[in-house]
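User: I would like a close look at one part of this model, followed by an account of how that part sits in the whole.

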Amino acid sequence: MEKWQNALANLAVSITAGMLLATGGMMMSIGNQQVKITTQVENIAEKLDALTENIKNLEARVRSLEIRR
């Protein structure tokens, strides 16, 4: 009887350890995804800033051409 109790206790410990490892792995994966998303958002923000600057330059050119008329 004690042999089975020890075996079941060891199994419970193994299952718990496995669940903790899996949870840790999932959290690392989520963390990595968050880093990727943050990087993508930063890249998009930089591109939007560049587009905004290009639009301002184009508006200035249009005004310049309108003045020449």
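In which helix is the place of glutamate 53? Please describe its surroundings on the surface and then the overall form of the protein.

Analyst: The model is predicted. Glutamate 53 belongs to helix H1, which covers residues 2-68. Glutamate 53 has a relative accessible area of 41%; it is called partly exposed because that value falls between the 20% and 50% cut-offs. Together with Glu42, Glu46 and Asp49, Glu53 forms a negative surface patch. Membership requires over 30% relative accessible area and no salt bridge.

Another residue of helix H1 is glutamine 33. Glutamine 33 is likewise partly exposed, at a relative accessible area of 39%. From its C-alpha atom to that of leucine 20 the separation is 20 Å, with the two residues 13 apart along the chain.

As for the whole, the secondary structure amounts to 1 helix and 0 strands. The radius of gyration is 30 Å, whereas the globule rule gives 11 Å for 69 residues, so the protein is more spread out than a compact globule. Along the principal axes, the C-alpha atoms fill a box of roughly 100 × 10 × 5 Å.

Burial can be described in similar terms. Of the 69 residues, 0% count as buried. The protein exposes about 6600 Å², and 64% of that area is supplied by carbon and sulfur atoms.

Returning to charge, the protein has 8 positive and 7 negative charges, and the mean positions of the two sets are 8 Å apart.

Methods: Residues are numbered from 1 along each chain as its sequence is written. This is a predicted model: local features need pLDDT of at least 70, side-chain atom pairs count only at pLDDT 80 or more; totals for chains, interfaces and linings use all residues. Side-chain values use heavy atoms; hydrogens and water are left out. Patches are made of residues with over 30% relative accessible area and no salt bridge: like charges are joined within 9 Å, nonpolar side chains (Val, Leu, Ile, Met, Phe, Trp, Tyr) within 5 Å. Accessible areas come from the Shrake-Rupley method with a 1.4 Å probe; for residues, only the protein chains shown count as cover. A salt bridge is a side-chain nitrogen of Lys or Arg within 4 Å of a carboxyl oxygen of Asp or Glu. Lys and Arg count as positive and Asp and Glu as negative; His and the chain ends are not counted. The place of a charge is taken as NZ of Lys, CZ of Arg, CG of Asp or CD of Glu. Helices (H or I, at least four residues) and strands (E, at least two) are DSSP runs, numbered from the N terminus. Buried means under 20% relative accessible area, exposed over 50%, partly exposed in between (1.4 Å probe, protein chains only). The radius of gyration is taken over C-alpha atoms; the globule rule is 2.2 Å times the number of residues to the power 0.38.
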